[in-house]
Amino acid sequence: MMNNKLSKISAADSRTYTISELAREFGVTPRALRFYEDKDRLHPARDGMTRVYSNRDRARLTIIVRLKRLGLPLADIREILDLYVLDDGQRAQMRMSLDKFRKQVKELEIQRGDIDTALTELRKGIAWLETQIANTGPSDENKRQLAAYDEIARRQLDEV
């Protein structure tokens, strides 16, 4: 029973992925994966010119994509990934992640305040512009004068 379980785990660990498979799965471009490799976030093996990604690369990409969606900068993501290799039950990684997450929450709350302010100002601007547009153009008196002129011009054309 234990041998069968180990063989399933090692088979899963030995699965490899192409750049296009991972890009498609995670909704990123192959260029992004090459960028993460250049920045030492991913470490694919090579089969000639072809990149071969391991389950470890896939797991790291999972973390990268999740943390990017949360708005963490790549430098912070690298610090978290670098702690993954410590043999401390991932306590250091979790503590650092906690600190980074708390910092990001504060940043996003500031951004939300800025966005709320911008939305309020934009709504005021929209209301003002709608009023200006409604009030811009010929006045009622000008409209009457234009209608009278139009009527005179039509009569004169009809006489010709």
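Is Arg-78 buried, partly exposed or exposed, and what is its relative accessible area? Arg-78 is partly exposed, at a relative accessible area of 29%. The legends below walk through this predicted model, starting with the whole chain and then moving in on single spots.

**Figure 1. The protein chain is built from 7 helices and 2 strands.** Read from the N terminus, the elements follow the order α-α-α-β-β-α-α-α-α. Of the 160 residues in the chain, 21% count as buried. The chain exposes about 12300 Å², and carbon and sulfur atoms supply 56% of that area. Looking at contacts between residues at least 6 apart in sequence, 48% join residues at least 24 apart.

**Figure 2. Asp-82 and Arg-78 pair up within helix 5.** Their side chains meet in a salt bridge, with 3.5 Å from N to O. The two residues are 4 apart in the helix, so about one helical turn separates them. Asp-82 is partly exposed, with a relative accessible area of 40%, and Arg-78 is also partly exposed, at 29%.

**Figure 3. Asp-76 and Lys-100 meet in a salt bridge.** The N to O distance here is 3.2 Å. Asp-76 belongs to helix 5 (residues 74–82) and Lys-100 to helix 6, so this pair ties together parts of the chain that lie 24 residues apart in sequence. What about their surroundings, buried or exposed? Both Asp-76 and Lys-100 are buried.

**Figure 4. Arg-60 is buried and has no salt bridge.** You will find this residue in helix 4, which covers residues 55–69. The nearest side chain of opposite charge is that of Asp-82, 4.8 Å away. A salt bridge needs the nitrogen and the carboxyl oxygen within 4 Å, so a pair at 4.8 Å does not count as one. Leaving aside residues up to four places away in sequence, Arg-60 touches Asp-40, Arg-41, Leu-42, His-43 and Leu-81. Asp-82 is worth a second look in this view, as its side chain meets that of Arg-78 in a salt bridge.

**Figure 5. Arg-155 and Glu-151 form a salt bridge in helix 7.** The side chains come together at 2.8 Å, N to O. Helix 7 covers residues 140–159, and the two partners, 4 residues apart, are separated by about one helical turn. Arg-155 counts as partly exposed, at 47% relative accessibility. Glu-151 is partly exposed too, with a relative accessible area of 45%.

**Figure 6. Glu-37, Arg-46 and Arg-51 are linked in a network of salt bridges.** This view shows three residues, one acidic and two basic, in a linked group. For the model as a whole, the count comes to 11 salt bridges. Among them are the pairs in the earlier views, including Asp-76 with Lys-100 and Arg-155 with Glu-151.

**Figure 7. Ile-115, Leu-119 and Leu-122 form a nonpolar patch on the surface.** Together these three side chains account for about 280 Å² of accessible area. Where does Leu-119 sit in the chain? Leu-119 is in helix 6, which runs over residues 91–135. At 35% relative accessibility, Leu-119 counts as partly exposed.

Notes: Residues numbered from 1 in each chain as written. Predicted model: local features only at pLDDT ≥ 70, side-chain atom pairs only at ≥ 80, totals over all residues. Heavy atoms only, no water. Patch = residues over 30% accessible without salt bridge, like charges linked within 9 Å, V, L, I, M, F, W, Y side chains within 5 Å. Areas by Shrake-Rupley, 256 points an atom, 1.4 Å probe, with all protein chains shown as cover. Buried < 20%, exposed > 50% of the residue type's maximum accessible area, 1.4 Å probe, protein only. Contact = heavy atoms within 4.5 Å.
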